[in-house]
There are 2 protein chains.
Amino acid sequence: MVTIADVAKAAGVSVATVSRVMNHSSLVAEPTAKVVREAIERLSYVPNQQARNLRRNESKTVLVLLPNITNPYYANVFDGINERAQALGYTLFLCSTERQDPEALLKETIEYKRADGAILMHIDRDERWLQKYSDRFPIVQCCEYAAPCDTAHVSVDNYRAGYEATSYLVGLGRRKVGIISSANRMMSTLQRMRGYQDALSDAGISLEDRYIACSDESYSYMSSLQAARELLSQPDRPDALFCISDAIALAAVVVAGELGISVPEEVSVVGFDDVIYTQMIHPYLSTMIQPCLALGERAIDMLDQLIAGHPLENRNVVLPHGFIARESTCPLREDA
Amino acid sequence: MVTIADVAKAAGVSVATVSRVMNHSSLVAEPTAKVVREAIERLSYVPNQQARNLRRNESKTVLVLLPNITNPYYANVFDGINERAQALGYTLFLCSTERQDPEALLKETIEYKRADGAILMHIDRDERWLQKYSDRFPIVQCCEYAAPCDTAHVSVDNYRAGYEATSYLVGLGRRKVGIISSANRMMSTLQRMRGYQDALSDAGISLEDRYIACSDESYSYMSSLQAARELLSQPDRPDALFCISDAIALAAVVVAGELGISVPEEVSVVGFDDVIYTQMIHPYLSTMIQPCLALGERAIDMLDQLIAGHPLENRNVVLPHGFIARESTCPLREDA
DNA sequence: AAGACGAATGAAAAGGATTACATATCATGG
DNA sequence: CCATGATATGTAATCCTTTTCATTCGTCTT
């Protein structure tokens with residue numbers, strides 16, 4: 001294993017100079033730097049990360065907290081985090097919030113300096129505990145955020161996305177637009193619901209409680225089926241459904257099938273996220289697209305800034321969403 | 001930050017003794033050890049992992065190579081690895097083999113001591129390059145393995161699983177059993193195919209080339225649809241389909257729907273893996289169950305042994321698979 | 001009773017990089 | 001021509017733990 005001392009000897013300089021060259025210090029003369037770079041190249045020297053970590057008192061590790069890596073949505077965002085993390089030299093420490101308490105995890109991480117920072121992908125909108133951690137430790141919230149805390153975050157504009165999805169359905173001529181939301185307390189859930197409500201009001205359509213249903217906290221498929229059955233088995237059922245996740249939308253399509261209701265003609269369905277589910281069965285799902293990879297990449301970029309001690313130019317980043325119409329939506333035929 | 005020196009002072013012993021207590025060395029008298037443990041407890045001392053890594057020349061990091069974390073199958077196995085890894089004190093460095101060459105990655109990892117070992121989840125059955133790395137670096141293959149190398153591995157018995165899936169379909173009275181395999185060169189693919197072939201031979205059924213189709217290397221959904229169409233649109237089509245992954249099976253079900261062929265009556269379908277796809281649409285998929293979590297857990301356990309320098313009692317671990325009949329299979333009705 | 005041995009503990013080196021501080025060199029201004 | 005300051009480089013301390021080697025002390029052997 002070639003060390004910095006070997007390079008120093010080969011280049012005829014001191015270890016300090018080699019270190020300075022490695023770290024792009026401006027305090028070293030160009031001719032010297034050149035000699036050092038050549039020696040580094042020749043010996044194919046790579047600094048020992050452990051030694052560097054010890055000296056700099058960092059770990060080059062980032063804690064990532066998400067409910068479940070098995071969920072394609074989180075997996076996609078995580079993929080984005082991971083890709084950039086590699087480029088930035090970080091190793092990720094992934095913890096499932098389904099198995100462990102996020103606050104305890106964060107506390108331990110900070111106390112024992114296990115990570116240089118953390119990315120939080122799941123938090124309830126009204127949590128307050130996060131503040132005291134983000135005050136003294138680099139933390140970025142990704143996709144969700146807690147309103148009472150000023151912890152940095154990156155997400156899409158869930159209100160607008162919800163508004164647009166609903167407006168799209170209204171624009172298809174559908175006036176009995178239902179929503180399948182979730183019983184959780186996440187910010188995205190609330191905002192999508194508000195977008196839905198406002199879009200209907202603005203279109204002069206009154207809200208109907210019987211067109212609103214909820215799946216359980218984790219959008220489980222089973223509970224989504226349940227919720228969809230509730231809405232679709234009514235006599236005066238919705239003719240459109242805005243589902244706040246693709247898994248829910250898929251469940252809605254399946255239930256419609258069971259009940260002999262045609263999708264998209266009798267009921268049009270819009271999902272959310274644009275994960276792989278959307279194109280697994282016909283009708284392929286029309287859905288609001290979240291830029292999962294970009295959300296993850298941006299989160300780790302922001303965290304990297306925080307770790308470096310640079311203030312963020314923008315602590316509340318909003319990334320653009322999209323919409324794609326596939327097979328699960330169509331204009332309402334008046335003669336139906 | 002409390003260091004080992006603080007503990008030593010508090011306990012009135014030397015740092016060496018504290019270190020020995022921490023590492024369960026037998027060379028320390030019980031009364032002394034007790035005093036030290038109390039001091040550790042009182043100061044809530046936790047050793048600095050960076051310093052330990054440097055001194056021991058290890059990183060407590062494991063490289064995990066898999067094609068795509070977005071694929072639920074790999075995500076499940078990874079979940080198992082991750083859970084045990086945490087308990088064992090490892091951080092995982094996840095790399096996608098779709099974006100990077102596994103050999104180059106392994107080479108770099110070893111050269112620069114970036115990880116203490118590696119878990120490989122994707123390798124072609126006839127690769128030889130792995131041997132020279134596993135000779136000098138702890139490596140465990142998980143789910144797949146290269147036959148020419150004696151690198152340790154853990155997997156299910158894919159031959160038996162393939163045999164059993166096929167036999168099950170034959171047992172339902174179906175004699176025109178097709179298979180949708182993959183164009184890849186993985187060991188599991190070959191073995192499942194062999195199991196299929198032998199099960200048919202043993203049942204006295206001759207192999208028909210026209211009942212065999214392949215999706216592309218990565219079992220992509222689109223290519224699976226293609227393969228299913230190929231098989232099911234023939235005049236004398238199969239009355240059962242063994243699909244070597246659940247995604248393929250789902251595609252088969254969708255294609256059958258398109259073609260107006262009833263599942264499970266006219267064609268029964270068996271999948272493989274038992275991932276979430278199996279219960280997303282009706283008919284829920286009958287499938288061969290892989291113990292994904294257990295595969296991952298075992299892989300990291302084996303690797304931990306290797307890293308510790310202990311020889312493995314069993315270098316080729318086979319974990320039990322299972323089978324679950326859901327809605328996509330039923331006995332063939334003779335009057336059909 | 002002296003020497004040998006084993007057990008328990010301590011002192012200090014080692015691991016490899018960063019960095020505070022010291023020093024050397026050179027140019028500039030008075 | 002010397003003092004001053006800037007620039008470039010070197011020396012050595014530092015980060016914290018593990019581990020080698022040395023030392024101490026008590027016990028056993030002969």
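These legends describe close-up views of a predicted model. Residues are numbered from 1 along each chain as its sequence is written, and chains are lettered from A in the order in which they are written. Local features need pLDDT of at least 70, and side-chain atom pairs count only at pLDDT 80 or more, while totals for chains, interfaces and linings use all residues; side-chain values use heavy atoms, without hydrogens and water.

**View 1. Protein residues around DNA strand D.** DNA strand D is surrounded by 26 residues (each with a heavy atom within 4 Å of the strand). The closest are A:T32, A:R55, B:I4, B:Y45 and B:R55. Of the strand D atoms within 4 Å of the protein, 59% belong to sugar or phosphate, and the rest belong to bases.

**View 2. Polar atoms at the phosphates of DNA strand D.** Polar contacts are pairs of N or O atoms within 3.5 Å. An N or O atom in the side chain of A:T32 is 2.3 Å from a phosphate oxygen of strand D. For B:I4, a backbone N or O atom lies 2.5 Å from a phosphate oxygen. For B:R52, a polar side-chain atom lies 2.6 Å from a phosphate oxygen.

**View 3. The open sheet of chain A.** Six strands (DSSP runs of E, at least two residues) are ordered β7-β6-β8-β9-β10-β12, with mixed pairing (at least two DSSP bridges between two strands). β7 (212-215) and β12 (322-324) of chain A are at the edges with a single partner strand each, so one side of each has no neighbour in the sheet.

**View 4. Strands β8 and β9 of chain A.** β8 (residues 240-243) and β9 (residues 268-273) of chain A run parallel and are joined by three bridges. A:A240 stands opposite A:S268 in β9(A).

How values were computed. A polar contact is a pair of N or O atoms within 3.5 Å; within protein, one must be able to donate a hydrogen and the other to accept it, and residues adjacent in sequence count only if both atoms are side-chain atoms. Helices (H or I, at least four residues) and strands (E, at least two) are DSSP runs, numbered from the N terminus.
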